[in-house]
Amino acid sequence: MKKLAMAALAAASFATMAQADPAEGMWKTEPGESGGYLYVAMSTCGANLCGTIKQAFDDSGTVQLDYEHLGKPIIRDMGADGGGSYSGGTIWAPDTDKTYKSKMALAGDSLEVKGCVAGGLICRGQTWTRVK
């Protein structure tokens, strides 16, 4: 009986570990000042979430194969707080080459991503949409 209970506990642990975070996937950023936008792949990095720039598009939607930041991390170490909220990570702004403390909020296929300064009192953000 003890072995059966241990096996059930181990199976439940593996099932929990295999579940994907709801924010994982490909996300489209809002257009920047030039009208271009990015696709960011969100995936787990250890116990947290990270996002990497996978594609860049100009204002007409044409893929920019020569975009200098392809493959670079834009979101790092974002921890899930529950209820679709994330915090504790950072976001890198390619246009300014600055890194900010970050927080995110997931609601369906929308991901509100914010970079903050002054201890989180002043934040600027975008709402990203799920691509796939």
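Which residues does T29 touch, not counting residues up to four places away in sequence? In the predicted model, these are Y37, L38, V40, Q126 and W128. T29 itself is found in the loop between β1 (25–28) and β2. A polar atom of the T29 side chain lies 2.9 Å from the backbone nitrogen of L38, and L38 is also one of the residues that T29 touches. With a relative accessible area of 7%, T29 is buried, because the value falls under 20%.

The protein chain contains 1 helix and 8 strands, which follow one another along the sequence in the pattern α-β-β-β-β-β-β-β-β. Of its 132 residues, 28% are buried. Among contacts in the chain with a separation of 6 or more, 31% are accounted for by residues 24 or more positions apart. The mean pLDDT of the chain is 87, and 86% of the residues reach 70 or more. Over residues 1–18, by contrast, the pLDDT is below 50, and beyond near neighbours in sequence this stretch has 0 contacts in the model. Where pLDDT is low, predicted coordinates should not be read in detail.

The largest pocket encloses about 820 Å³ of space. It is lined by 32 residues, of which G32, P94, D95, R124 and Q126 are the closest to its centre. Q126 is also among the residues touched by T29. By class, the lining comprises 18 nonpolar, 9 polar and 5 charged residues. At least two lining residues are supplied by each of β2 (37–45), β3 (48–57), β5 (85–93), β7 (110–117) and β8 (122–130). The greatest contribution is that of β8, with 6 residues.

P94, one of the residues closest to the pocket centre, is found in the loop between β5 and β6 (98–107). Not counting residues up to four places away in sequence, P94 touches I53, Y67, H69 and I74. P94 and P73 are 21 residues apart in sequence, with a C-alpha to C-alpha distance of 10.0 Å. H69, a contact of P94, lies in the loop between β3 and β4 (73–82). Leaving aside neighbours within four places in sequence, H69 is in contact with I53, W92 and P94. I53 thus appears in the contact lists of both P94 and H69. H69 has a relative accessible area of 10% and is therefore buried, the limit for this class being under 20%.

Two residues of strand β3, L49 and K54, were examined for accessibility and contacts. L49 counts as buried, at 1% relative accessibility, whereas K54 is partly exposed, with a relative accessible area of 47%. Leaving aside neighbours within four places in sequence, L49 is in contact with D21, A23, E24, M42, S43, T44, I75, R76, D77, M78, Y86 and M104. The C-alpha atoms of L49 and D21, which are 28 residues apart along the chain, are separated by 8.2 Å. With the same neighbours in sequence left aside, the contacts of K54 are M26, Y39, A41 and L70. M42, a contact of L49, is 12 residues from K54 along the chain, and the C-alpha atoms of K54 and M42 are separated by 9.9 Å.

Positive phi values occur in two aspartates, D77 and D97. Phi of D77 is near 50 degrees, and that of D97 is about 55 degrees; neither D77 nor D97 is a glycine. D77 lies in strand β4 and is among the contacts of L49. D97 lies in the loop between β5 and β6, the loop in which P94 is also found. At 42% relative accessibility, D77 counts as partly exposed. D97, with a relative accessible area of 57%, is exposed, because the value is over 50%.

Notes. Residues are numbered from 1 along each chain as its sequence is written. This is a predicted model: local features need pLDDT of at least 70, side-chain atom pairs count only at pLDDT 80 or more; totals for chains, interfaces and linings use all residues. Side-chain values use heavy atoms; hydrogens and water are left out. On a 1 Å grid over the protein atoms alone, a cavity is a set of points where a 1.4 Å probe fits but cannot get out, and a pocket is an open set with protein on both sides within 12 Å along at least five of seven lines; lining residues have an atom within 4 Å of a point. Grid points are joined across faces, edges and corners, and a volume is the space filled by probe spheres set on the points. Helices (H or I, at least four residues) and strands (E, at least two) are DSSP runs, numbered from the N terminus. Ala, Val, Leu, Ile, Met, Phe, Trp, Tyr, Cys and Pro count as nonpolar, Asp, Glu, Lys and Arg as charged, and the others, Gly among them, as polar. Buried means under 20% relative accessible area, exposed over 50%, partly exposed in between (1.4 Å probe, protein chains only). A polar contact is a pair of N or O atoms within 3.5 Å; within protein, one must be able to donate a hydrogen and the other to accept it, and residues adjacent in sequence count only if both atoms are side-chain atoms. Contact means heavy atoms within 4.5 Å. pLDDT is the predictor's confidence in each residue, from 0 to 100.
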